[in-house]
Every structure is written in C-alpha cells, then in structure tokens.
Amino acid sequence: MTTTPFDRRAFLKSSAVAGGALLVPAALAGAATAAAAPPQFAHGVASGDPLPDDVLLWTRVTPTPEATPGSGAGPEVDVRWEVATDAAFASVVRSGSARTGPATDHTVKVAVGGLSPATAYFYRFSLDGTTSEVGRTRTAPATDAAVSKLRLGLVSCSNWQAGYFSAYRHLAARADLDGVLHAGDYLYEYRAGSYTARGVTIRPHSPANEITTLADYRQRHAQYKTDPDLRALHLAQPWFITWDDHEYANDTWSGGAENHQPEEGDWNTRKAAARQAYFEWMPVRQGPSGEIYRRFRWGRLAELSMLDLRSHRSQQTTPSSGDPGAPDRTITGDAQMAWLKSGLSGTDAQWKLVGNSVMITPISVGNLEARFLEAVGELIGLPVGGVAANSDAWDGYTADRQELLGHLRDNRVKNTVFLTGDIHSSWGADVPLDRSSYWWNGNSAAVEFVTTSVTSDNIDDILKVDPRTVSVLAESALRVGNPHLKYVELDSHGYSVVDVDPQRVQVDWFHLSDRTSPTATARHAKSLATVSGSQKVTSASGPVS
C-alpha cells in the first residue's frame with residue numbers, strides 16, 4: 001500500500017477546530033485527561049449496539065491530507081482493528097482489517113463477534129503504523145442471565161452552535177455506566193448563525209450553509225466528532241442511539257420537513273443523503289430493510305426498544321389542518337407498531353425500556369398565560385393558539401398512542417419506561433391511559449422520564465429571561481393542568497442517569513452551570529423513580545452512587 005507523505009503540522013493547522021486538546025478517559029477508568037489524537041484518526045473511535053457476543057466498533061481515517069470529510073477524495077486503504085481484554089493489548093482476542101475509501105467517506109464500521117457476555121473490552125485501530133486512541137466497550141449480559149443492575153447515561157439535543165458539550169464530559173468521567181442512550185438530535189442541520197444560544201453563536205457550524213447534500217451532512221458529522229467531550233464519551237462507553245429530526249431537518253416527517261423548502265431540492269434525495277451520512281458516521285446497526293428501530297436485552301433485568309419516530313410518520317397537524325386523532329395518522333408506521341407491541345408484551349424481561357425520541361405523555365397547555373404559551377409552543381413543537389396537543393410528539397398522533405397504551409393495558413404489561421429527549425427540558429410523568437380520567441382514577445399504563453438538552457435553547461433562553469424566574473410560573477401551571485406530571489423543569493441544560501435494578505428504575509437529572517462554558521460544572525437537580533409493578537412515578541431520596 002502506498003500513500004502520499006503526511007504533513008502532520010499542515011494537516012493539524014488545516015483541520016483545527018475550537019476546543020483545544022482532545023479528551024480521553026485516563027487509564028480508561030472514567031477520568032478525562034487531555035491527549036492529542038493522531039491526525040489519521042482525528043474523529044476518534046466509538047462503539048455501540050452491544051449484544052452478548054458482539055459489539056459494533058467505529059472510526060474514521062484520514063489516510064492523506066486531501067481525504068477530508070465529504071471531499072470524495074483520497075485512496076482506499078485497509079484499516080486494522082484489534083479487541084483485547086486489557087488496555088495494554090497483551091491479550092488480543094479478536095483482530096482483523098476493514099477496507100474503506102471515499103465511497104463510505106473513509107469511515108470504518110466493524111461488527112466484532114465471538115465475544116464473551118458481560119465483559120469489558122478495549123479496542124483500537126491502526127493505519128500505516130499509526131494507532132488510534134484506545135476505546136473501552138462492553139458486551140451485554142447473556143440473554144437469560146440474572147442481572148442486578150443496568151446504568152445508562154441519557155442525553156439529547158446537542159447543538160454545536162449553542163454551547164459546549166460539558167454534559168458529555170461529566171458522563172465520560174463516570175466509571176459506573178454500562179452505556180449511553182442518546183434519544184436524538186445528535187447534531188443540527190442549521191446554517192452558521194441560525195439557531196444559536198439566545199441568538200448568540202458560541203461556535204459556528206461548518207459547513208456554513210444549511211446542510212442538504214451528502215457532502216454537507218458528512219462534513220457536519222465530522223465537525224461534531226471533533227468536539228473533545230463528545231469524543232471522550234464515545235471513547236468511554238458503548239452507545240445506544242436513534243435519530244430525531246435534526247439529523248435530517250427540523251420537524252421531519254416521512255414526506256418532508258418544516259425546514260425543507262422546494263428550492264433546496266428533492267426531499268427524498270436530501271433524506272437519502274442524511275441517512276447515508278448517519279449510517280456511515282454513527283456506531284449504529286442498520287436493519288435488513290434499512291430500519292433503525294431495534295432491540296437490546298440486558299439479561300432478564302431489562303429489554304431496550306429503540307424507536308424511529310421520523311421515517312414513517314404522517315405529516316404534523318396544525319390548528320387548521322387535520323385531526324391529531326384521525327385513525328389513519330401514524331407516528332410509528334404499521335410495521336414498527338406491530339414490532340413494538342409484540343416486543344413489549346412478549347418479553348420476559350422485568351423492565352421494558354423504550355428509547356423514545358419525542359414525548360408520549362399527553363400535555364394540555366390550556367391554562368397557561370399568553371406570555372408562556374408561545375414559548376412553550378416553540379419549545380415542544382406546539383401550534384400556538386391554545387391547542388392542547390404537542391403536534392410533533394405523540395400528542396399529534398393520538399390514535400397510535402391509544403393503540404400502544406391499550407395494548408399495554410389489555411395484555412397487563414407492567415414496568416414500561418419511556419426514556420425521552422427532544423423538548424430541551426426535564427420532565428417526569430405517569431403516562432395515563434386517558435388524560436381526562438386520570439384526574440379521578442389515576443390510571444397509568446407506563447411512566448416517562450425526559451432528559452433536558454445538552455445545549456439547545458429552552459424556555460428561559462426563548463424568553464430571554466433569567467433562569468428560574470418567570471418559567472417557574474409556567475411549570476406550576478403545567479402541573480395544575482396535568483396532574484400526571486410529577487416533575488417539570490423548563491430552564492436547565494444537562495444530562496440524566498438511568499439506574500435499573502429489580503426493585504425500581506431511578507432517574508437522576510444533572511444540570512449544568514453554564515452551557516456556554518467549556519468548563520461548566522454540573523449539579524444534581526432531581527431524582528425520581530418508579531417501583532416495579534406500580535406504573536407510577538415516585539420521589540427518590542437522592543442520586544445513585
């Protein structure tokens with residue numbers, strides 16, 4: 001194999017981004033420390049979708065300076081990979097090589113089989129004598145194993161332009177996680193200077209235009225994977241991830257998006273480009289028909305169903321265009337709905353976790369004052385005008401929601417927990433079979449925990465007011481009009497930790513001191529739990545240790 005001589009200094013200068021040195025877990029035990037990544041592996045390494053005997057490994061190589069993301073340039077190369085049971089790679093258990101080139105934007109994805117269940121592994125890639133950083137991953141327990149614990153980081157809505165990804169840094173520093181669940185909006189499609197932090201660009205998007213082509217999407221993925229905190233978290237943990245809308249365009253549905261106009265070309269062409277770049281750049285498995293909804297099992301303790309609520313949905317309604325409850329409207333599509341229902345009622349796992357990109361809990365905003373209504377509407381995708389429906393979430397697809405919740409009721413399915421992102425705020429709720437009857441009977445089919453955004457604007461940002469001032473009134477009004485809501489916090493940015501054991505699922509919310517600072521601290525904000533068999537949210541004494 002021959003390659004063009006590599007000018008390290010010129011390459012680093014040409015590919016530099018704000019943020020300084022890259023972070024890796026020290027001794028891969030949780031604490032993040034600074035280290036420079038080799039330019040051939042400038043976008044880090046990642047793992048995802050762990051099975052009992054298999055895990056997916058990812059990297060992107062830059063074999064020559066011209067082989068920049070989205071360029072379509074550079075040679076085909078063979079990248080070597082190794083998996084070991086120790087960080088020094090004295091005990092290599094699997095190895096091989098993978099060929100990559102411009103056709104896949106020089107990304108590498110390898111499904112490594114023949115591994116042992118419930119085992120931590122270390123992995124690395126190499127090219128022409130240069131070795132990547134060392135990542136740490138782990139396999140899932142055996143399908144029928146008696147498992148006492150599962151602990152996941154939960155994140156969503158990481159907008160590069162709105163701040164720094166300190167939430168990822170704090171999760172990367174934890175040595176107690178089994179993985180990370182990203183509920184979507186891993187990146188944003190907007191042009192530079194659009195959709196920022198209260199109108200202020202903290203760090204500009206690249207490319208500067210709104211992304212619409214395959215090259216655009218590849219370049220934007222590449223930019224996000226230069227973030228040191230994002231790379232540190234990929235390095236430290238396997239991820240379970242799904243997309244929401246901004247991996248394509250705002251308010252995506254099966255046939256278009258709010259943020260796609262005719263002058264931007266054919267929607268299906270743009271959608272295909274976004275999907276191709278996503279599957280190239282993310283440590284995620286693609287189903288035999290191209291589907292991303294998929295299921296994972298953590299012994300007999302838990303089963304995790306990751307949903308796709310963008311590819312198959314009907315167009316969102318507005319106050320004057322359609323009935324959210326029309327039986328022909330869908331958010332899942334028929335095939336995914338059948339798959340989800342059969343999985344929830346057919347599993348013998350104690351806990352049924354659902355990676356859910358948009359909120360399933362019904363919300364009424366009819367009692368909000370006018371000054372809050374528009375801000376809350378912007379936050380949760382609600383048509384302004386007093387319509388009691390979050391049209392971009394399950395509230396805009398009530399027939400599908402009733403079908404799913406009715407299935408849980410009719411089949412006596414217990415312990416369903418929706419783990420959600422999307423709305424840039426923190427929520428904990430019972431999921432009632434019927435919102436109106438909950439007032440007197442308290443019937444709940446499931447529970448939902450919603451993590452806030454890593455950086456994307458929330459209500460105090462939209463209103464441009466100090467946090468924990470006028471938003472407190474909106475939270476109180478939401479709670480009064482929706483008694484199934486047990487926690488609402490509309491201001492803060494951060495992350496959550498989900499802790500599962502046979503007795504309960506607990507979620508801890510952690511909020512950042514300042515999303516615009518690369519050194520933001522995090523504080524524990526709230527802990528809630530659901531006890532096995534209850535289908536109800538209850539308080540918890542404090543964060544898990």
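In this short talk I will go through the chain as a whole, then its unusual backbone spots, and then its salt bridges.

Please keep in mind from the start that what we are looking at is a predicted model. Taking the chain as a whole, we have 545 residues, of which 62% are buried, and the chain contains eleven helices and 26 strands. The accessible surface comes to about 18700 Å², and 51% of that surface belongs to carbon and sulfur atoms. If we consider the contacts in the chain with a separation of 6 or more, then 72% of them are accounted for by residues 24 or more positions apart.

Let me turn to the backbone. As a general background, most peptide bonds are trans, and most residues other than glycine have a negative phi. Where, then, do we find a cis peptide bond here? The bond from Ser-206 to Pro-207 is cis, with an omega near -5°, and Pro-207 sits in the loop between strand β12, residues 179–182, and helix α3, residues 214–224.

There are also residues to point out for their phi. Asp-128, although it is not a glycine, has a positive phi of about 50°, and you will find Asp-128 in the loop that runs between β8 (120–127) and β9 (130–131). Is Asp-128 buried, partly exposed or exposed? Its relative accessibility is 47%, and because exposed would require a value over 50%, Asp-128 counts as partly exposed. Asp-251, which is likewise a residue other than glycine, has a positive phi near 55°, and Asp-251 belongs to the loop between β13 (238–241) and β14 (252–253).

That loop brings us to the salt bridges, of which the count comes to 37. In general, side chains of opposite charge can pair when their charged atoms come close. Which side chain does Asp-244 meet in a salt bridge? The partner is Arg-310, at 2.8 Å from N to O, and this pair links distant parts of the chain, with Asp-244 in the loop between β13 and β14, Arg-310 in the loop between β17 (302–306) and α6 (334–346), and their positions 66 residues apart. Asp-244 has a relative accessibility of 0% and counts as buried, and Arg-310, with a relative accessible area of 1%, is buried too.

Arg-310 also meets the side chain of Asp-245 in a salt bridge, here at 4.0 Å from N to O. This pair again links distant parts of the chain, since Asp-245 lies in the loop between β13 and β14 while Arg-310 lies in the loop between β17 and α6, 65 residues apart. At 2% relative accessibility, Asp-245 counts as buried.

A further salt bridge joins Glu-475 and Arg-468, whose closest N and O atoms are 2.6 Å apart. Here the partners fall on two sides of the 20% cut-off for buried: Glu-475, at 6% relative accessibility, counts as buried, whereas Arg-468, with a relative accessible area of 36%, is partly exposed. Finally, I would like you to look for one network, in which salt bridges that share partners join Arg-151, Arg-174, Asp-176, Asp-499, Asp-501 and Arg-504.

How values were computed. Residues numbered from 1 in each chain as written. Predicted model: local features only at pLDDT ≥ 70, side-chain atom pairs only at ≥ 80, totals over all residues. Heavy atoms only, no water. Helix = DSSP H or I, 4+ residues; strand = E, 2+ residues; numbered from the N terminus. Buried < 20%, exposed > 50% of the residue type's maximum accessible area, 1.4 Å probe, protein only. Contact = heavy atoms within 4.5 Å. Areas by Shrake-Rupley, 256 points an atom, 1.4 Å probe, with all protein chains shown as cover.
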